[in-house]
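Visitor: Could you walk me through this model and explain the words you use along the way?

Guide: Gladly; let's put it up on the screen.

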Amino acid sequence: MEDSLEDLLEQQDGDCGDDNQPLAPKAKFRSSRMNIQRSNVCSRAYFVVVMVFFHVYILNVIGLLLYVHYNNGPGELVSGNAAPSASVSDRGTALPHADPASSELHVEDYSHSFSLPRIEGIRVGHVQQVSLLPDRTHEMRTMSLKPLLFEIPGFLSEEECRVVVQLAQLKGLMESQTTTPSKEQEESNQPLLSLSTEEVFSLLDLNQDGLLQNQEIVSHSRSRDGTWLNPDNLRQILTGLEACPTGTMTLEDFRHVYDVSQRPGQQQSGKPRSHFKQRNKNTWLYQGPGSHHVLQTLRNRLISLTRLPSTLVELSEPLQVIRYENGDFSNAHHDSSPPQSETTCTHTRLAGNKSALTEVSCRYLTMLFYISPVEEGGETTFPVADNRTYEEQALVQDGVDLTDTKETCGRGNIRIKPTVGTALLWYNHLSDGRGWMGELDEYSLHGECPVRRGVKWMANSWVNVDPDHQQQARYQRLVAKRQRAKPGMEEHYQPLSHSDLHQDL
Ligand SMILES: O=C(O)CCC(=O)C(=O)O
Ligand SMILES: [Fe+2]
């Protein structure tokens, strides 16, 4: 009986085909037990279990691949060709276009996949090597963590700086000046800068066609920061414009609306007037295809360094070039605005139905370039960088106002000397914790100390992002659609918002 069982087991073992060696007689019984176990291993149930695990594993791998695909793919659709991390070629590249077929997708279907990379600061003083040019690396030093601020010496060569200055001079600069309003001015609601109605009209009329268009007025939303037109003026002018049957406003129409908006008691906002003060001359340089290769290079380096989607950068404001003369300065301010339900971003306004809301600048990050040597003064100050807490009231201590760079420049936490070719990069907003732009980083407060000797040239590159990512997606879809509707326009393509209002060089 035992023999026949053993025979049977040995036969099964043989079926497995892995051990047909003759066994020594003493080991025979033990070997039979082992054979029983082996025969279990080869059973159908075991085979089924292995196959189930195998299939589950394969399904997991496929699921993971699909997840990665759908998280990257649509992001690129909205964002265009993300530039390769910090290694972009120094030549200007063609403007990437959204894939027409994919852009038919519903906005909400892919809005979750937006993501804005951030450079790691590690700690103050940390230096990282970045490769922006094929033949050299740059050192990027962390200056503060609140805000996340970096300094990159030699970001531009001296020759590139000269080109940018010359392009700005060729284009021509516009005066930008605000003065401290006196108490009486505040009370009587006089404009911050006494400009005649004709002068205000002319400043607003960017294309100088003798008519004001809606776009021209809304592009001045920066006046919310205290330049020569305050938000109440702006709202009243916009309302007046909307009432014009032609959709444009002549000087006569404007005179009526503007003069009324200047009368005491007409200011609707109860908010205190901004104390932002500045004096400089500035202009805007388009950086898209067809522009000077140095301007394109600059933008490509920004994309490369920040790893931001290139379309996002390409749809942002043009390069602002500023000239500060002796005594010129800008008081401490934020370049961007806090996300609020009663405001909307200027740059995405064309895609929105939020025309009743106040338009504000939405700038995820600032890149500031020093493009000339400065003999003395002109430092960039970050008065509260890396402070333990931020409180607006604490900015004024013992009668000393830290936002008043004219008086208190030396007291700021960080003061950066302008060195030709150096770039500063900082994030104006925190992350929302989901990879998109969140709250305004209050610590990004900064200003410019008065130029004491010589002239200072600098440039600002702002990357515009709408905190409402669906609105940003709608805007980018609209631009892509407009591009498709104008085949052959690629060579001369300009972003819809700001560049439409500034002549191309
Ligand atoms: O010139 C500087 O150092 C700062 C300028 C600035 O903050 C600005 O233009 O927004
Ligand atoms: Fe600024």
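Visitor: What makes phenylalanine 150 in β3 the bridge partner of threonine 142?

Guide: The two face each other across a strand pairing: threonine 142 has phenylalanine 150 of β3 as its bridge partner. Strands β2 (residues 136-144) and β3 (residues 149-152) pair in the antiparallel sense, with 3 bridges. Pairing requires that DSSP finds at least two bridges between two strands, so 3 bridges satisfy the rule. The pair also forms a hairpin, with 4 residues between β2 and β3. Before we go on: this is a predicted model, in which local features need pLDDT of at least 70 and side-chain atom pairs count only at pLDDT 80 or more, while totals for chains, interfaces and linings use all residues. Residues are numbered from 1 along each chain as its sequence is written, and chains are lettered from A and ligands numbered from 1 in the order in which they are written.

Visitor: How do you know that β1 and β2 pair?

Guide: By the same bridge rule. β1 (residues 127-133) runs antiparallel to β2 with 5 bridges, and valine 130 stands opposite histidine 138 in β2. These two strands form a hairpin as well, with 2 residues between them.

Visitor: What makes something a helix or a strand here, and how many of each are there?

Guide: Both are DSSP runs, numbered from the N terminus: helices are H or I with at least four residues, strands are E with at least two. On that basis the protein has 14 helices and 23 strands.

Visitor: Why is β12 called largely enclosed?

Guide: A residue is buried if 20 or more other C-beta atoms lie within 10 Å of its own, exposed if 12 or fewer, and partly exposed in between, with C-beta atoms placed from the backbone. In β12 (residues 363-370), 8 of the 8 residues are buried, so the rest of the structure largely encloses this strand. Across the protein, 39% of the 505 residues are buried. β12 pairs antiparallel with β23 (residues 456-464) through 7 bridges, where tyrosine 370 is partnered with methionine 458. β12 is also antiparallel to β18 (residues 423-427), over 5 bridges, with leucine 365 partnered with tyrosine 427.

Visitor: How do you know that Met458 is part of the shell around ligand 1?

Guide: A residue is near a molecule if its C-beta atom, placed from the backbone, lies within 6 Å of it. Ile322, Ser330, Asp335, Thr380, His446, Glu448, Met458 and Asn460 surround ligand 1. β21 (446-448) and β23 each supply at least two residues of this shell.

Visitor: What is the expected span of α5, and how does the helix compare?

Guide: The expected span is 1.5 Å times one less than the number of residues. Helix α5 (residues 158-171) has 14 residues and reaches 20 Å from its first C-alpha to its last, close to the 20 Å expected.

Visitor: Which residues of α5 are buried, and why are they said to share a side?

Guide: Cys161, Val164 and Ala168 are the buried ones. They cover an arc of only 65 degrees around the axis, which puts them on the same side of α5; the arc is that of the directions from the helix axis to the C-beta atoms. The face turned away from that buried side carries exposed Glu159, Gln166 and Leu170. After α5 comes glycine 172, with a positive phi near 100 degrees.
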